[in-house]
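Trainee: Got a minute to go through a model with me? I'd like to know what sits behind the labels.

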Amino acid sequence: MKLKLILPVLLFANQLYAQDSLTIRKIYDEALVNGKCYENLRYLCKEIGPRLSGSDNAGKSVIWSKKLMESYGFDKVYLQEVMVPHWVRGAKETAFIIDGKNRISVPIAALGMSVATPKEGLTANIIEVHSIKEVEELGEKVIKGKIVFFNRPFDERMVNTGEAYGASGDQRFMGPSIAAKYGAVGVIVRSLTGNLDDYPHTGATLFDKDGKNIPAAAISTKGADKLSAMLKMRKLPLVKFYFKQACQMLPDVVSYNVIGELTGIEHPDKFITVGGHLDSWDLAEGAHDDGTGVLQSAEVLRIFKAMSYRPKNSVRAVFFMNEENGNRGGKKYAELAAQNKEEHIAAIETDAGGFTPRGFSFEDVSNDLMKKLSARWKPLLEPYEIDRLIAGHSGTDIGPLKDKRPGVVLIGFRPDSQRYFDVHHSSNDVFENVNKRELELGAAGMATLVYLIDQHGL
């Protein structure tokens, strides 16, 4: 009797597996043979370029992105208005290590949201530290009047370079504001990369509109090593540091999230979101961070259209604005989702570069769910080498959905991490450093996950 009941279930499961396997093969065929995201990325990088929130280029990218989605014939394409900060870098920064009469030039870049130095620049004694805790322990007696040099490198023991970035990131984000409390006049931070090069890597630092703010800049890793070596060789009063930057905060401006949607044929009021951020830092073209992410997201919907696949649930591609220095776009999207009482099944973020896809990380989910998903989907994902399903962080832009729309499952796309921080937030983040094949494989992998969630839920 039991066998009679089990056989139909097994037969049905096999039919589903065969159908899913065939559909996934079609997704990859479309992405790899007819993919559009690489050429779209070329246009975004080369014809528009850097897209810092509030800039003219950010505005141009919004207009272009909307037209791109409309050209693909998505069911809905629209903008979400959001007020964003407007920070500008100004003239190129200069910096010198001063050793007696010698001036040794080193590459720096102002940290995002930082204030300017005096017009003539800033010169002071410099003190090297390796943590915020060390600044607090040294206190005002030692820190006051000096430039604080945060020089904690990436922990090379960490296989996932994103974890190394997270472990070192507090010195960039929090370091300047903490140093200011103890009387520092400026901050220099070792660039957040494991690579040894002469490219300073920028990024946001904490900006207190009502507090004391001091100029802060990133120094290249080679420059940091040189400065550290000189401080060890000389007594402190003999080695000083000079830097000059002209950045400033301007009033907030209007910008937009760009959204394309395929409306679900069974559950149009339930949503699966896939997205990245359209803005980028101003030092380069924002290719891996995050041009690859937004154009992979649009490619998911384009692939479905090309296959004539009509999703059961509504699927959105969201180009978020202002991830880099405020997350205003992510917050606005979550706020409007709550206001409109939208039910979100899942949200997938791609903001770790367009490198070889490895899998996905699921935020705040149970071990039981992870085991079930792995058992169901690993056989389907394994042939495409994107079967690493783990618990972990999802993404900054989709994070606000967790509080606004309880029940949504937040997922991060996880490509290989080894090269990402070689280019991240630096002038090296250009189109030429993106591999076409890797980019298309990532788009196909995300389309596959969206398809599986749409068909079978979580």
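Mentor: Sure, and keep in mind that this is a predicted model. Let's begin with strand S13 (residues 343-349) and strand S16 (residues 409-415), which run parallel to each other.

Trainee: What makes S13 and S16 a pair?

Mentor: A pair needs at least two bridges, and these strands have 4 bridges, so they qualify as paired. One of the bridges joins Ala-346 to Val-409 in S16.

Trainee: Where do S13 and S16 come in the sheet order?

Mentor: The order is S1-S10-S12-S11-S13-S16-S14-S15, an open sheet of 8 strands with mixed pairing. Strand S1 (76-88) and strand S15 (388-391) each have a single partner strand, so one side of each lacks a neighbour in the sheet and they are its edges. From one strand to the next, the twist averages 25°.

Trainee: Which strands does helix H9 (residues 287-307) lie across?

Mentor: H9 crosses S10, strand S11 (267-277), S12 and S16, at about 145° to S11. Helix H3 (residues 56-71) lies across S1, strand S10 (248-262) and strand S12 (313-320), and runs at about 0° to S10.

Trainee: Now Ser-114, in the loop between strand S4 (108-110) and strand S5 (122-129). Why does Ser-114 count as buried or exposed?

Mentor: Its relative accessibility is 3%, and the cut-off for buried is under 20%, so Ser-114 is buried.

Trainee: How do you know that the Ser-114 side chain makes a polar contact with the backbone nitrogen of Ala-216?

Mentor: The limit is within 3.5 Å, and the side chain reaches that nitrogen at 2.9 Å, so the distance fits the definition. Ser-114 also touches other residues, including Trp-87, Thr-205 and Cys-247.

Terms used:
Residues numbered from 1 in each chain as written. Predicted model: local features only at pLDDT ≥ 70, side-chain atom pairs only at ≥ 80, totals over all residues. Heavy atoms only, no water. Helix = DSSP H or I, 4+ residues; strand = E, 2+ residues; numbered from the N terminus. Axes fitted to C-alpha atoms, helices over the stretch in contact; angles between N-to-C directions. Contact = heavy atoms within 4.5 Å. Buried < 20%, exposed > 50% of the residue type's maximum accessible area, 1.4 Å probe, protein only. Polar contact = N/O pair within 3.5 Å; in protein donor to acceptor, adjacent residues only side chain to side chain. Lists of a residue's contacts leave out its neighbours within four places in sequence.
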